[in-house]
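The exercises below are meant for a reader who is meeting this structure for the first time. Please try each task before reading its worked solution.

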Amino acid sequence: MAVKVYIVYYSMYGHVGKLAEEMKKGASSVEGVEAKIWQVPETLPEEVLGKMGAPPKPDVPVITPQELAEADGILFGFPTRFGMMAAQMKAFFDATGGLWREQSLAGKPAGIFFSTGTQGGGQETTALTAITQLTHHGMVFVPVGYTFGAKLFAMDQVRGGSPYGSGTFAADGSRWPSEVELEHAFHQGSYFAGIAKKLKGSA
């Protein structure tokens with residue numbers, strides 16, 4: 001039976017969505033793994049999104065909290081808002097009380113990836129504050145660490161991401177994930193899928 005890896009994200013302008021696509025490619029490259037992308041529900045009205053210049057949502061299925069329990073491993077992606085996950089993702093986590101009550105996600109591996117506007121905008125605090133959500137569900141946090149190798153140490157270009165997970169800088173929205181940021185996302189997807197596969201195989 002295939003190992004199910006869900007990539008669940010929120011993206012207002014598409015930067016996190018771009019990382020999610022690469023992460024799916026990486027996870028799918030692992031034999032025996034079935035990766036699927038989901039987006040969480042939007043909480044802002046269309047009128048407000050329009051005023052904010054947000055593009056239409058992509059053709060990606062919207063997940064319900066209950067569907068999380070079907071996965072063998074979950075990667076959560078979100079942009080930052082003042083150093084923490086965006087309210088849309090937090091609202092989704094807030095709706096997982098039923099899963100928490102039954103501890104339906106306990107023992108499942110989970111990872112995170114993110115986007116910030118600036119280099120000091122929360123590449124680490126967004127990850128750190130997100131871990132509390134996983135902890136209360138009893139999930140096993142799987143950081144990507146420094147498994148990406150030398151490129152994570154490179155100082156020759158602006159690069160998002162950290163040992164906590166892959167990431168990008170959106171700036172004013174005009175900057176898109178760079179080649180190395182996309183490579184990091186692919187790697188995280190592949191690395192995470194391998195861990196999820198091992199954990200399911202030993203269960």
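**Exercise 1. In which strand does serine 115 lie, and is serine 115 buried or exposed?**

Solution. Keep in mind throughout that the model is a predicted one. The first step is to locate the residue along the chain, and serine 115 turns out to belong to strand E5. The second step is to look at its accessibility: the relative value is 5%, and because buried means under 20%, serine 115 counts as buried. The third step is to ask what surrounds the residue: leaving aside residues up to four places away in sequence, serine 115 touches His15, Val16, Phe78, Pro79, Thr80, Gln123, Thr168 and Ala170.

**Exercise 2. Find the residues with the most contacts inside the largest nonpolar core, and say which elements give two or more residues to this core.**

Solution. Begin with the general expectation that, in soluble globular proteins, nonpolar side chains tend to be buried together. In this model the largest nonpolar core has 28 residues, and those with the most contacts inside it are Val8, Ile63, Leu68, Ile74, Phe76 and Met89. Next, turn to the elements: strand E1 (3-9), strand E3 (73-81), helix H3 (87-94), strand E5 (109-116) and helix H5 (125-136) give two or more residues to this core. There is also a second, separate core of 22 residues, which includes Val3, Tyr9, Val16 and Leu182. As a last step, take valine 8 as an example of the contacts involved: not counting residues up to four places away in sequence, valine 8 touches Trp38, Val40, Ile63, Leu68, Ile74, Leu75, Phe76, Gly77, Met89 and Phe92.

**Exercise 3. List the buried residues of H5, and work out how they are arranged around the axis of the helix.**

Solution. First collect the buried residues of H5, which are Thr126, Ala127, Ala130, Ile131, Gln133 and Leu134. Then look down the axis of H5: its buried residues fall within an arc of 155°, and therefore they line one face of the helix. The general background is that an α-helix has 3.6 residues a turn, so residues three or four places apart point the same way. Now consider both sides of the helix in turn. The buried residues of H5 are covered by parts of the structure that include E3, strand E4 (84-85), H3, E5 and strand E6 (140-141), whereas the face turned away from the buried side carries the exposed residues Thr135 and His136. Finally, follow the chain just past H5, where glycine 138 takes a positive phi of about 75°.

**Exercise 4. Which loops hold glutamine 103 and alanine 171, and what is notable about the phi of each?**

Solution. The background to this exercise is that most residues other than glycine have a negative phi. Glutamine 103 lies in the loop between helix H4 (97-102) and E5, and its phi is positive, near 55°, in a residue other than glycine. Alanine 171, which is found in the loop between strand E7 (167-169) and helix H6 (179-202), likewise has a positive phi of about 55° although it is not a glycine. To complete the picture, check accessibility: glutamine 103 is partly exposed at 34%, and alanine 171 is partly exposed with a relative accessible area of 46%.

**Exercise 5. How many salt bridges does the structure hold, and how far apart along the chain are the partners lysine 200 and aspartate 72?**

Solution. The structure holds 7 salt bridges, and three of them can be followed here one at a time.

1. Lysine 25 pairs with glutamate 22, the closest N and O atoms being 3.0 Å apart. Because the two residues are 3 residues apart in helix H1 (residues 15-28), about one helical turn separates them. Lysine 25 is partly exposed at 49%, while glutamate 22 is buried at 16%.
2. Lysine 200 forms a salt bridge with aspartate 72, with 3.2 Å between the closest N and O atoms. This pair links distant parts of the chain, since lysine 200 sits in helix H6 and aspartate 72 in the loop between H2 and E3, 128 residues apart.
3. Arginine 175 and glutamate 181 meet through their side chains in a salt bridge of 3.1 Å, N to O. Arginine 175 counts as partly exposed at 21%, but glutamate 181 is buried, with a relative accessible area of 0%.

Definitions and conventions:
Residues numbered from 1 in each chain as written. Predicted model: local features only at pLDDT ≥ 70, side-chain atom pairs only at ≥ 80, totals over all residues. Heavy atoms only, no water. Core = buried A, V, L, I, M, F, W, Y, C linked by side-chain atoms within 4.5 Å. Buried < 20%, exposed > 50% of the residue type's maximum accessible area, 1.4 Å probe, protein only. Helix = DSSP H or I, 4+ residues; strand = E, 2+ residues; numbered from the N terminus. Contact = heavy atoms within 4.5 Å. Arc of directions from axis to C-beta. Salt bridge = Lys/Arg side-chain N within 4 Å of Asp/Glu carboxyl O.
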